[in-house]
Amino acid sequence: LLWLPDDYNATSQTYPLIINLHGAGDAGTNINQLLNPFLMSQRIAAGFNPEAVNPVDGQLYKFIVMSPPAGSWSYQQAQIKYMLPVLQQNYRIDTSRIYVTGLSAGGSGTWSMVTDDPTNALNITAIAPISTAGIDNNQRANIVNAATNNIPAWSVVGDADGFLYASVDYTNVLNSANPPVPAKLTILPWVGHSAWIEAWD
């Protein structure tokens, strides 16, 4: 699923890109699974416009959003690295502002964008993993790539989530490398493995 800003065809400007990764429970061959009422893609389909005013410069920014449906689990860096050049060839994307977010298995995929390939990680501006599922030890060791490449990270997770340890651990590992922008962790009280509902709100 691809969202283009409402003024895309009326301008020649470039737009920042959000790569939005679903969780394992929304994987499958039926694209309607991405219309789960708790997903960003469903909110866009229901009329939400992905745009925001930057409090630093007061400017309104509109985003292109790609929500790729995976057949199982969720996409990782190994697949997205092939999608990104195609998007850049066909759409006016500001290549200096590429953001990745994802929930659960998609949170794991979000981290993979900065851990699995240091060169491709240079394409990513910031990440926001939500209720992230665990990643393997090799990826964990490479989280410092985000610090080396100055890629800010903001994790959101519930305090009753069985994967809470992962978000805490990954944030600590990243901050141990003293990134220019410290990684942020928001822990939501009384929330289980569904922090994306509150995160999108």
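Select helix 7 and turn it until the face pointing away from its buried side is towards you: this face carries the exposed residues Tyr165 and Ser176, where exposed means over 50% relative accessible area, buried means under 20%, and partly exposed lies in between (1.4 Å probe, protein chains only). Helices (H or I, at least four residues) and strands (E, at least two) are DSSP runs, numbered from the N terminus. The model on your screen is predicted, so local features need pLDDT of at least 70 and side-chain atom pairs count only at pLDDT 80 or more, while totals for chains, interfaces and linings use all residues. Residues are numbered from 1 along each chain as its sequence is written, and side-chain values use heavy atoms, with hydrogens and water left out.

**Around helix 7**

Now select the buried residues of helix 7, which are Ala166, Ser167, Tyr170, Thr171, Val173 and Leu174. They cover an arc of only 160 degrees around the axis, which puts them on the same side of helix 7; the arc is that of the directions from the helix axis to the C-beta atoms. What covers these buried residues of helix 7 includes helix 3 (105–115), helix 5 (137–141), helix 6 (144–148), strand 8 (154–158) and strand 9 (184–188), so you may wish to colour these elements before going on.

How far apart are the end C-alpha atoms of helix 7? They are 18 Å apart, which agrees with the 18 Å that the 13 residues of this helix (residues 164–176) should span at 1.5 Å a residue, the expected span being 1.5 Å times one less than the number of residues. Helix 7 is followed by Asn178, whose phi is positive, near 55 degrees.

**Strands 8 and 9**

Select strand 8 next, and add strand 9 to the view. In strand 8, 4 of the 5 residues are buried, so this strand is largely enclosed by the rest of the structure. Strand 8 pairs with strand 9 in the parallel sense over 5 bridges, where two strands pair if DSSP finds at least two bridges between them. To find one place along this pairing, pick Val156, which stands opposite Thr186 in strand 9.

With helix 7 shown again, you can follow strand 8, helix 7 and strand 9 as a right-handed β-α-β unit. A crossover is right-handed if, with the strands pointing away from the viewer, the path from the first strand over the helix to the second runs clockwise.

**The loop after strand 9**

Move on to Trp190, found in the loop between strand 9 and helix 8. Trp190 is exposed, with a relative accessible area of 82%, and its phi is near 65 degrees, a positive value in a residue other than glycine. Ser194 also has its place in the loop between strand 9 and helix 8 (196–200), but Ser194 is partly exposed, with a relative accessible area of 25%.

**Helix 3 and Ser131**

Return to helix 3, where 11 of the 11 residues are buried, so this helix is largely enclosed by the rest of the structure. One of its residues is Thr115, which is buried, with a relative accessible area of 1%. Which residues does Thr115 touch, not counting residues up to four places away in sequence? Thr115 touches Gln139, Asn142, Ile143 and Asn145, where contact means heavy atoms within 4.5 Å.

Then select Ser131, in the loop between strand 7 (126–130) and helix 5. Ser131 counts as buried at 0% relative accessibility, and its phi is near 45 degrees, a positive value in a residue other than glycine.

**Strand 2 and its partners**

Now show strand 2 (residues 15–21), in which 7 of the 7 residues are buried, so this strand is largely enclosed by the rest of the structure. Strand 2 runs parallel to strand 6 (residues 93–103), and 6 bridges join them; here Ile18 has Tyr99 in strand 6 as its bridge partner. Strand 2 also pairs with strand 5 (residues 64–66) in the parallel sense, over 3 bridges, and the bridge partner of Leu17 in strand 5 is Ile64.

**The whole chain**

Finally, zoom out to the full chain, whose secondary structure comes to 8 helices and 9 strands. Its C-alpha atoms fill a box of roughly 45 × 35 × 35 Å, taken along the principal axes, and buried residues make up 45% of the 201 residues.
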